[in-house]
Amino acid sequence: MLAPPNPNQLMQTQRTLAFTPKEIYAAFADPTRLAAWWGPEGFSNTFELCEFAVNGNWRFIMHGPDGTNYPNESVFTELEANRKVVVRHTCMPYFTLSISLLPQDAGTLVVWQQVFDDAELAQNIRPIVEPCNEQNLDRLRLHLQGNLT
């Protein structure tokens with residue numbers, strides 16, 4: 001059994017979205033759709049490679065609202081259709097992102113859990129990452145509503 005993550009390395013948010021797990025999972029599984037909503041408010045993406053399969057590579061550049069480019073490289077390490085997406089970020093900052101989709105009467109509870117390799121780094125960037133993760137969920141909701149394409 002795995003030990004629980006060090007709280008200093010963990011950032012987690014959760015939200016119930018009025019969509020089925022299948023609808024939410026599909027927004028991850030289609031690279032065109034994922035590129036449309038992924039990232040915080042004001043960001044856009046250029047995907048170089050998005051192999052949505054276990055051990056598939058995901059390379060993209062996030063373009064910040066100020067024009068700064070943020071190269072990202074990840075690997076999809078675990079995929080359970082309509083239930084879970086796990087991504088290992090393989091460039092700085094190193095972390096594992098687990099997204100669980102739990103059916104609820106009102107839709108789906110999305111549990112967004114990010115565990116950073118370095119606790120000190122995690123604490124330093126927490127004031128940036130936590131609101132950005134909330135914005136990412138905002139953008140996912142807007143995309144699913146048809147308001148962000």
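## Contacts of Val 85

Val 85 is in contact with Tyr 25, Phe 28, Phe 52, Phe 76, Glu 78, Leu 79, Leu 97, Ser 98 and Ile 99, leaving aside its neighbours within four places in sequence. The model is predicted. Val 85 falls within β5, which spans 84-89.

## The nonpolar core

The largest nonpolar core has 32 residues. Within this core, Ile 24, Phe 28, Trp 38, Trp 58, Val 85, Ile 99 and Leu 140 touch the most other members. Helix α3, residues 119-144, gives the most to the core, with 6 residues. Two of the contacts listed for Val 85, Phe 28 and Ile 99, also appear among those best-connected core members.

## The largest pocket

How much space lies in the largest pocket? About 640 Å³. Its lining is made by 26 residues. Met 62, Asn 72, Phe 95, Gln 114 and Val 129 lie nearest the pocket centre.

Several elements build the wall. Strands β3 (56-63), β4 (69-80), β5 (84-89), β6 (95-104) and β7 (107-116) each supply at least two lining residues, and so does α3. The largest share comes from α3, with 6 residues. By class, the lining has 19 nonpolar and 7 polar residues. Charged residues are absent from the lining. Helix α3 therefore appears twice in this account: it gives the most to the largest core, and it supplies the largest share of the pocket lining.

## Ser 74 in strand β4

Ser 74 sits in strand β4. Is Ser 74 buried or exposed? Ser 74 is buried, at a relative accessible area of 4%. Beyond residues up to four places away in sequence, Ser 74 touches Gly 56, Asn 57, Trp 58, Val 87, Arg 88, His 89 and Thr 90. One of these, Trp 58, is also listed among the core residues that touch the most other members.

## Cysteines

How many disulfides does a search of the whole structure find? The count is 0. A disulfide is a covalent bond between the sulfur atoms of two cysteines. The cut-off for such a pair is 2.5 Å between sulfur atoms.

For Cys 91, the closest cysteine sulfur is in Cys 50, at 14 Å, so the pair is too far apart for a bond. Cys 91 is buried, with a relative accessible area of 16%. For Cys 132, the closest cysteine sulfur is in Cys 91, at 16 Å, and this is also too far for a bond. Cys 132 is partly exposed, with a relative accessible area of 22%.

## Backbone points in the loops

The peptide bond from Met 92 to Pro 93 is cis. Its omega is near -5°. Pro 93 is found in the loop between β5 and β6.

Asn 55 has a phi near 70°, a positive value in a residue other than glycine. Asn 55 is placed in the loop between β2 (44-50) and β3. At 57% relative accessibility, Asn 55 counts as exposed, because the threshold is over 50%.

Asn 82 also has a positive phi, near 65°, and is a residue other than glycine. The loop between β4 and β5 holds Asn 82. Its relative accessibility is 29%, so Asn 82 counts as partly exposed.

Notes:
Residues are numbered from 1 along each chain as its sequence is written. This is a predicted model: local features need pLDDT of at least 70, side-chain atom pairs count only at pLDDT 80 or more; totals for chains, interfaces and linings use all residues. Side-chain values use heavy atoms; hydrogens and water are left out. A nonpolar core is a set of buried Ala, Val, Leu, Ile, Met, Phe, Trp, Tyr and Cys residues joined through side-chain atoms within 4.5 Å. Buried means under 20% relative accessible area, exposed over 50%, partly exposed in between (1.4 Å probe, protein chains only). Helices (H or I, at least four residues) and strands (E, at least two) are DSSP runs, numbered from the N terminus. Contact means heavy atoms within 4.5 Å. On a 1 Å grid over the protein atoms alone, a cavity is a set of points where a 1.4 Å probe fits but cannot get out, and a pocket is an open set with protein on both sides within 12 Å along at least five of seven lines; lining residues have an atom within 4 Å of a point. Grid points are joined across faces, edges and corners, and a volume is the space filled by probe spheres set on the points. Ala, Val, Leu, Ile, Met, Phe, Trp, Tyr, Cys and Pro count as nonpolar, Asp, Glu, Lys and Arg as charged, and the others, Gly among them, as polar.
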